[in-house]
Each structure stands twice: as C-alpha cells, then as structure tokens.
There are 2 protein chains.
Amino acid sequence: MTNDPSRPLTLRDVSEASGVSEMTVSRVLRNRGDVSQATREKVLEAAKALGYVPNKIAGALASQRVNLVAVIIPSLRNMVFPEVMSGISKVLEETELQPVVGVTDYMPEKEERVLYEMLSWRPSGVIIAGLEHTDASRAMLKASGIPVVEVMDTDGKPIDSAVGISHRRAGREMAKAILKQGYQRIGFMGTKMPLDHRARKRFEGFTEALAKEGVEVVDQEFYSGGSALAKGREMTEAMLSRDPELDFLYYSNDMIAAGGMLHLLDKGIDIPGEIGLAGFNGVELLQGLPRQLATMDACRTEIGTRAAQIIAARVENPDIELDKIVELTPTIAFGDTLKRR
Amino acid sequence: MTNDPSRPLTLRDVSEASGVSEMTVSRVLRNRGDVSQATREKVLEAAKALGYVPNKIAGALASQRVNLVAVIIPSLRNMVFPEVMSGISKVLEETELQPVVGVTDYMPEKEERVLYEMLSWRPSGVIIAGLEHTDASRAMLKASGIPVVEVMDTDGKPIDSAVGISHRRAGREMAKAILKQGYQRIGFMGTKMPLDHRARKRFEGFTEALAKEGVEVVDQEFYSGGSALAKGREMTEAMLSRDPELDFLYYSNDMIAAGGMLHLLDKGIDIPGEIGLAGFNGVELLQGLPRQLATMDACRTEIGTRAAQIIAARVENPDIELDKIVELTPTIAFGDTLKRR
DNA sequence: ATGAAAGCGCTAACAC
DNA sequence: GTGTTAGCGCTTTCAT
C-alpha cells in the first residue's frame with residue numbers, strides 16, 4: 001500500500017497518480033476553490049493510497065503563512081505552565097493555529113535563543129511568560145511584527161499585550177487577609193528570587209502590605225532545586241526551631257506549603273489555631289491533603305484561554321483594537337489553614 | 001535601531017546593507033565555508049543592526065534539512081512526560097536538533113492528527129510514547145523514512161525502535177515482592193484501562209504473577225479524571241469499607257497511592273503492618289510524605305536521553321546499526337510501606 | 001472547473 | 001574567498 005520510496009512524496013506524485021494537475025490536487029487537499037466531486041475523489045484516493053503528507057515547509061514559503069503560535073515558558077515541571085498550555089490548546093484547537101512549546105529553564109539567555117529559533121520559523125504569534133526579557137528578546141519581538149502576548153504577570157509594561165494577574169497585588173491581598181485574621185508573627189518561605197520575578201513581586205507586595213500595618217516578616221528562607229514537598233518540610237522545621245513563636249507561614253507556592261503542613265501535623269501543631277499557613281497557586285493536585293491549604297488561584301487556565309483568544313483575533317484581523325492589558329483577579333481560598341482564631 | 005518594516009527582512013536586505021553577496025551573507029550566518037574576517041564582521045554587524053532573523057522555512061526547503069525532532073506524548077499534566085522531555089532536551093541541546101512537542105490527550109485519533117501535522121513539517125526524527133497506534137499512524141511513521149523511537153514501553157513490536165521498560169514485567173516484579181513479604185489479600189486501584197496501555201500491562205503482569213502463586217486480586221477499582229490525591233483517598237476508603245480484611249493495596253500510580261496513604265494514616269491504620277501500599281513511578285514530587293511510598297522507578301529521564309541519543313545517532317548516520325529495543329530495568333523502592341511484617 | 005507560469009527566501013553546486 | 005545559477009515543493013495569480 002504505502003510503498004516506501006527513498007524520496008519523499010510530492011504533490012507531483014499525487015498529480016501523476018491521479019491524472020490531475022498539481023494545482024488542482026493542491027486545491028483538493030486544502031479544500032479551496034471549486035473542484036468537481038469526481039476529481040476531488042480521484043485525488044483524495046490517490047493521496048491516501050500513496051500515503052502522501054503535504055510539505056508544510058514549501059506551503060508556508062509559498063503562501064507566507066504559518067499556522068504556528070510560539071509558546072515560550074520557563075519550565076514544564078512546574079504544573080502552572082502545563083495548565084496555561086491546556087487553556088491555550090483548548091482555544092487554538094478551534095482554529096487553524098497550533099501551539100509550539102519552547103522552554104527556557106528560567107534563563108534569560110536561553111529564552112533569547114529559544115525565541116530566535118522559534119521566530120525563525122515565522123510563527124503567526126507569540127505567547128511568552130513574564131514581562132522581563134533581555135533587550136535583544138524585546139527587540140526581536142517588536143521587530144517580528146506579529147502579535148505578542150506576555151502572560152502570567154501584569155506588573156509592568158507589555159511589549160504588545162499582556163494577560164495575567166498582578167502578583168504584587170496578590171501578595172498584598174494575602175497579607176491583608178492574614179493580618180485581618182489576627183496573625184502577627186509571620187514567616188516567609190519561597191524560591192530563590194532572581195530566578196522567579198513573579199514570586200519576587202508577590203513577596204514585595206506581601207511585605208509592603210504588612211509594612212503598612214507596621215508588621216514585618218519575622219523570618220524568611222529561600223530554596224532552589226529538590227523536591228518541593230521535602231524542602232517545605234525542611235525549611236519549616238528549620239524556621240520554627242529558629243523562631244518558635246511564629247504564628248503564620250506564607251509560602252511562595254503550594255507544594256512547599258504542603259510540605260510545611262505535613263511537618264506541622266507530624267509535630268502535632270494545631271493548624272490554624274497555633275500556626276496558620278498559606279501557599280500560592282491553587283494546585284488541584286493537592287486536593288486530598290489532610291487540611292485544605294489556604295491559597296490563591298492564579299487563574300492559569302483562563303490566562304491561557306485569554307491569551308490564545310487575543311492571538312487568534314489578531315491573526316484573523318491584524319488591525320483589531322484590543323485591551324493592551326488583561327488583568328485577571330485571583331481569589332483567595334481560605335481552606336482550613338487560614339481561619340479566624 | 002530596529003526599524004519596524006512592514007515587510008519582514010530577508011537575506012537580501014542584509015546583503016544590501018553590508019555590500020556583500022547573499023550567498024556570502026548566508027555563509028556567515030551559518031558559519032559555513034571560508035569567509036574573511038573582514039566580511040564576516042561587516043555582515044554580522046549589518047544583520048544585528050537590522051535585527052535580521054533568518055527564515056528557516058526557506059532554509060529548510062532549500063537544504064532539505066529540518067533540525068526538528070517531533071516528540072509526541074499523551075499529556076503534559078502527568079509529571080512522567082515532562083521528565084522524559086527533560087531527558088530528551090538535555091541530549092538534543094548538545095546537537096543541532098530541537099524538540100517540538102505534540103500532545104495527544106491519550107486519544108488515538110488525536111495522535112494521528114498531531115502526527116500528520118508534525119510530519120508535514122518534515123522533522124528529522126520522531127519520538128512517540130507507546131507502542132499502540134492506529135494503522136494510519138503506523139503507516140505514516142513507516143512511510144516517513146525518518147528515525148522513529150517509541151518510548152516508555154517495550155512490550156510489543158516497535159515500528160522502528162523502542163526505549164522503555166516492560167510494564168508487564170514491572171507488574172510481575174511488584175507482585176512477587178508483595179507476596180514475598182507475606183501479603184495475601186490484595187486490592188488494586190488504577191486508571192480506567194482503555195486509556196492507558198502501560199497501566200493495563202502492569203496490571204496484567206501483576207495479576208499473572210499473583211495467579212502463578214494461586215493468589216487473586218480481592219478487589220479492584222478504576223477512576224478517571226479529578227485530583228489523583230483525592231481520588232486515591234476516596235477509592236481507598238470505599239474499597240476498605242467493602243473489604244476490611246485487605247492487607248495490601250497496589251495502585252497504578254504514586255499520586256493515588258499517596259492519597260490512599262493519607263487516608264489510612266487519618267484512620268490510624270498501621271502501615272505497613274496492618275496494610276501495605278505500593279504505587280508506581282517514583283515521583284520525586286512526593287518525597288516528603290509522612291511515609292516513603294513503595295514504588296517502582298520508571299526510568300523516565302533515562303528513557304528520554306536514550307531515545308534522543310538514538311535519534312541523534314541516526315540523523316548523523318542513517319545507516320548506523322542500533323538495537324531495535326532498549327529495555328531498561330526499573331528498580332523497586334521499598335520505602336516504608338512495603339516491609340516484612 | 002482546471003491549468004500554466006512565476007516566485008516565496010533560502011542553499012547546493014559550481015564557477016571564478 | 002566570493003559570486004552566480006538553479007532549484008527546493010508548494011501557492012498565487014492569471015488565463016482558459
């Protein structure tokens with residue numbers, strides 16, 4: 001059936017096999033223009049019999065159109081990004097567009113390389129995490145002339161447009177909620193800052209809102225690498241041995257918070273009476289823990305859908321006027337670990 | 001600096017800006033052939049000043065080479081696949097090759113579509129999860145004439161080559177280990193089978209090895225969707241209320257096993273004395289749980305590196321002779337939940 | 001409804 | 001060391 005030729009099949013092969021001109025074959029394969037039912041069937045049959053797969057490279061070059069959307073994210077191991085991805089996919093599946101993922105490992109230079117690689121395939125749009133990029137990256141994005149959506153974060157000035165939440169505000173809101181419940185001696189644990197601008201901004205918003213009420217973070221600790229659950233345990237143990245009088249622990253992500261929770265439960269500490277806890281992200285993954293963790297939903301899927309919608313709309317109509325910044329509002333989930341004491 | 005022209009920049013623009021022929025510009029930009037230091041600098045300067053990004057579409061069409069490797073996986077939300085990905089990336093980063101991810105959501109028809117899309121970009125190789133594909137998918141892969149590595153599973157006949165573990169054997173080994181520790185009344189919980197061939201094979205191997213010793217699974221339950229941790233809890237609770245005399249629970253993945261563990265600890269049940277537990281995958285994520293879960297490492301990163309090495313080697317030299325099947329050996333981690341009682 | 005010609009932006013192959 | 005020529009496999013445009 002599919003004879004295995006050393007030379008890849010071309011339109012011409014289908015044309016010859018079906019006795020129809022290349023041009024008409026092309027029309028059939030793309031459902032374009034008027035083609036008689038008879039020829040259409042002949043062509044389809046021949047293409048299928050040969051096992052012909054069109055060459056998009058040639059097609060893209062000729063048509064000057066590429067139905068790819070570059071999605072550039074820091075990592076696949078942080079569940080946040082796959083969730084954004086699935087929002088993107090859901091929307092793009094209804095269009096001709098296809099997402100292509102590039103991973104930067106939180107490294108600006110790698111982001112630059114990945115971006116260059118992807119742009120050299122002339123995608124129809126770019127969705128890229130964060131607002132912080134090298135000058136070269138920003139220049140490339142501007143020069144590309146295609147729609148660019150920076151996602152996750154709205155604290156800054158987008159190159160083209162942005163969809164996300166304000167992490168500074170998220171930090172502030174959580175601080176206010178914690179203070180409101182009467183907690184006063186607060187410790188913070190998170191990822192090493194320079195790698196993660198959004199965690200840094202949350203922390204800044206957090207301390208800022210505390211300061212406004214005359215409260216300061218009693219102790220803080222940062223980690224990088226390793227199993228987050230285990231790190232959460234370790235850091236929590238270390239911090240509590242340094243500062244036994246802490247009454248609240250704010251973590252920059254849910255995984256380390258969960259580790260901290262498990263440690264506290266091991267020690268028989270009353271949550272949230274003795275110590276309250278909060279994380280960030282609202283990872284569905286963790287439903288099923290002994291206590292429902294207080295956290296803040298980062299609107300991950302919606303960020304993906306909104307970003308993809310912007311790209312789709314602007315591919316459809318490049319002149320369309322859209323909001324430059326879409327700021328979504330994360331909601332606090334109080335769970336069982338942040339309660340009035 | 002980067003004037004934003006409505007027309008994308010081409011080699012010709014760089015050629016004109018630098019006063020060097022297109023061909024030589026092309027050579028400089030690809031570090032090919034001998035170019036004098038002087039012209040090289042002129043060209044690089046002009047390209048940078050203009051913000052030129054080469055058009056890989058045209059390049060690929062002309063050179064008949066595409067440095068892309070299609071990686072086709074069922075999902076990004078299951079941590080297994082990002083880990084395979086990172087093994088792949090690590091190896092490909094040392095080469096000219098670049099991975100491009102496609103996601104199938106465990107749906108054969110979607111796999112077929114994604115494969116068709118990716119093959120139409122004429123990648124240099126394909127890494128695809130599993131050995132089960134539609135006839136059309138197999139035909140496309142065969143006809144593509146490029147190296148294909150099927151990963152994760154070695155229980156079957158690969159199209160071209162395969163790297164993975166034998167899930168049937170993994171199930172058998174776990175069954176033997178459990179029986180050896182004296183457990184006898186065993187329950188099984190896992191994902192709904194038709195979606196996940198590897199989980200099914202593990203289960204088959206498991207029951208087979210039990211049968212050999214005259215033991216049958218007392219009860220079994222399958223789930224789909226939802227938070228795995230929570231599902232693990234629910235299913236475990238339900239199963240124990242049906243069969244209070246169970247002494248071991250085997251789960252098809254670590255997340256539901258962790259949920260089960262948390263439930264048992266809540267109930268004050270002695271692990272592994274009263275009931276033993278085992279999962280599958282060795283997810284690093286879960287280090288830090290109250291008990292170290294018994295599990296089996298699925299060699300995820302190594303699967304990725306080996307697969308990528310095969311692709312790289314065969315792109316380098318298409319005639320190279322390599323093993324058709326690379327079967328890795330998963331190791332059991334006994335943890336704290338599978339112990340001699 | 002179908003076909004013929006031109007060319008997308010680059011690189012292989014060959015001159016010089 | 002550098003330039004010229006001829007395509008790569010499609011689609012656009014225009015003719016029929």
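Let me start at the DNA, where in this predicted model a side-chain N or O atom of Thr24(A) sits 3.0 Å from a phosphate oxygen of DNA strand C. From chain B, a polar side-chain atom of Ser26(B) is found 2.3 Å from a phosphate oxygen of that strand, while Asn55(B) brings a backbone N or O atom to 3.4 Å from a phosphate oxygen there.

Stepping back, there are 24 residues around DNA strand C, and the closest of them are Arg27(A), Asp34(A), Leu11(B), Ser26(B) and Tyr52(B). Of the strand's atoms that come within 4 Å of the protein, 68% belong to sugar and phosphate. Which element gives the largest share of the surface near DNA strand C? That is H4(B), with four residues, and by class this surface has ten nonpolar, ten polar and four charged residues.

Now to the contact between the two protein chains, which takes 50 residues from chain A and 48 residues from chain B. About 4,800 Å² is buried between chain A and chain B, with carbon and sulfur atoms giving 63% of that area. On the side of chain A, the residues that lose the most area to chain B are Ile57(A), Arg77(A) and Trp121(A), which together make up 15% of what that side buries.

As for polar interactions, 18 residue pairs are in polar contact across this interface, and four salt bridges are found there. In one salt bridge, Lys110(B) pairs with Glu93(A), their closest N and O atoms lying 2.6 Å apart. Finally, H4(A) gives the most to the side of chain A that touches chain B, namely five residues, and that side has 29 nonpolar, ten polar and eleven charged residues.

Conventions. Residues are numbered from 1 along each chain as its sequence is written. Chains are lettered from A and ligands numbered from 1 in the order in which they are written. This is a predicted model: local features need pLDDT of at least 70, side-chain atom pairs count only at pLDDT 80 or more; totals for chains, interfaces and linings use all residues. Side-chain values use heavy atoms; hydrogens and water are left out. Contact means heavy atoms within 4.5 Å. Buried area is the accessible area (1.4 Å probe) that two parts lose on being put together, summed over both. A salt bridge is a side-chain nitrogen of Lys or Arg within 4 Å of a carboxyl oxygen of Asp or Glu. A polar contact is a pair of N or O atoms within 3.5 Å; within protein, one must be able to donate a hydrogen and the other to accept it, and residues adjacent in sequence count only if both atoms are side-chain atoms. Helices (H or I, at least four residues) and strands (E, at least two) are DSSP runs, numbered from the N terminus. Ala, Val, Leu, Ile, Met, Phe, Trp, Tyr, Cys and Pro count as nonpolar, Asp, Glu, Lys and Arg as charged, and the others, Gly among them, as polar. A residue is near a molecule or strand if one of its heavy atoms lies within 4 Å of it.
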